[in-house]
Amino acid sequence: MSGIVKDSILSSLSKTDFDIILENLLLVPNIDYRIEKILMPIAEKYPKKIINFFHERVLIKAKEKQEERYDAVPFNFHKANEPLSKNAKVVVPEILKWFTKKDWLFYWEGSHLLKAIFPTFNKVLEEELIRLVKSKDNKKVEITFSILRAYKGEVFLHSVCKELIKNYPENDKYDKEMFIVLSQTGGVWGEYGFVERYKEKKEAIQSWKKDKNRAIQSFVKKYDNYLDKKISYERKRADEDIELRKREFDN
């Protein structure tokens, strides 16, 4: 498709032309790099249209039982996230509107669309999440957690996490949610991959112990203990797997 529709032609199309293209692309089962090439000039001129396009795709996924796989939102972008990320002040509030719906699918897809657009986070997104946290509205806090869970506990999430701890000190429910958010690892390699990754997670929050906020200090102690248990469990599991393979080999 990208070989037929040249970039130069796409750039010269009108707003109405773009609407027709997006309407037809709703039928595409997944957004691959060829479709991204078509979306990019639209994203540059009309980023809001692209977000609305993905919103329509989620509606289709929610309402229809697809016989074949239909991915409303891509797991990641090849290039289309670049023009969208440059328009963060438009894109972030537009996606956050999805979370006003009660359907869990919009939470899931909205969170993963934000990650696809901002894989290494973004200042505008961070500020919006901190604003949600400071609202003291539990529903908005749930939105924040949904978005944080889409990432893999990277260090760039720490500012938002600290705000959550400060605004909801000694909250067992939120502390457990935070443990999950911060300890996510993504893929690991080797028998002791999880052990090493959890050690890295532990090292990443040691500086929190110097924070003057008592809620932060209290949380770090609990999270340290949580990671120590995870490390102990994964090391024991790895040791047992290695020993089992040795015995199988000997036999």
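A search of this whole predicted model finds 17 aromatic pairs, and one of them makes a good place to begin. Trp208 and Phe219 form a tilted pair, with 6.1 Å from centre to centre and 35° between the planes. Because Trp208 lies in the loop between helix 12 (193-204) and helix 13 (214-250), while Phe219 lies in helix 13, the pair ties together parts that are 11 residues apart in sequence. A pair of aromatic rings is described in just this way, by the distance of the centres and the angle of the planes.

How buried or exposed are the two partners, Trp208 and Phe219? Trp208 has a relative accessibility of 2% and therefore counts as buried, and Phe219, with a relative accessible area of 1%, is buried as well. Phe219 also pairs with Tyr223, and here the rings are stacked, 5.8 Å apart from centre to centre and with 20° between the planes. Both of these residues belong to helix 13, where they stand four residues apart, about one turn of the helix. An α-helix has 3.6 residues a turn, so residues three or four places apart point the same way. Tyr223 is buried too, since its relative accessibility is 1%. Taken further, the picture becomes one aromatic cluster, formed by Phe179, Trp208, Phe219, Tyr223 and Tyr226.

Phe219 appears again when we turn to empty space inside the model. Rolling a probe the size of a water molecule over the atoms shows where empty space is left. The count comes to one cavity of 30 Å³ or more, and about 30 Å³ of space lies in the largest cavity. Its lining consists of Ile165, Tyr168, Pro169, Glu170, Asp175, Ala215, Ser218, Phe219 and Lys222, and the largest share of that lining, four residues, comes from helix 13.

Ile165, one of the lining residues, leads us to helix 10, which spans residues 158-167 and is mostly covered, with seven of its 10 residues buried. Which residues of helix 10 are buried? They are His158, Val160, Cys161, Glu163, Leu164, Ile165 and Asn167. What covers these buried residues includes helix 8 (123-134), helix 9 (138-149), helix 11 (172-183), helix 12 and helix 13.

Tyr168, another residue of the cavity lining, takes part in a contact of a further kind, in which a charge meets a ring: the charged end of Lys136 sits over the ring of Tyr168, 5.3 Å from its centre. A second arrangement of this kind is found where the charged end of Lys49 sits over the ring of Tyr46, at 5.8 Å from the ring centre.

Stepping back to the chain as a whole, we find that its secondary structure comes to 13 helices and zero strands. Its C-alpha trace spans about 60 × 55 × 35 Å along the principal axes, and buried residues make up 45% of the 251 residues. Among contacts between residues at least 6 apart in sequence, 70% join residues at least 24 apart.

How confident is the predictor in this chain, as expressed by the average pLDDT? The average is 91, and 95% of the residues score at least 70. Over residues 1-6, however, the pLDDT is below 50, and beyond near neighbours in sequence this stretch has six contacts in the model. Where pLDDT is low, the predicted coordinates should not be read in detail.

Conventions. Residues are numbered from 1 along each chain as its sequence is written. This is a predicted model: local features need pLDDT of at least 70, side-chain atom pairs count only at pLDDT 80 or more; totals for chains, interfaces and linings use all residues. Side-chain values use heavy atoms; hydrogens and water are left out. Rings of Phe, Tyr and Trp (its six-membered ring) pair if their centres lie within 6.5 Å; planes under 30 degrees apart count as stacked, over 60 as edge-to-face and the rest as tilted. Helices (H or I, at least four residues) and strands (E, at least two) are DSSP runs, numbered from the N terminus. Buried means under 20% relative accessible area, exposed over 50%, partly exposed in between (1.4 Å probe, protein chains only). A charge sits over a ring if NZ of Lys or CZ of Arg is within 6 Å of the ring centre and within 35 degrees of the ring normal. Contact means heavy atoms within 4.5 Å. pLDDT is the predictor's confidence in each residue, from 0 to 100. On a 1 Å grid over the protein atoms alone, a cavity is a set of points where a 1.4 Å probe fits but cannot get out, and a pocket is an open set with protein on both sides within 12 Å along at least five of seven lines; lining residues have an atom within 4 Å of a point. Grid points are joined across faces, edges and corners, and a volume is the space filled by probe spheres set on the points.
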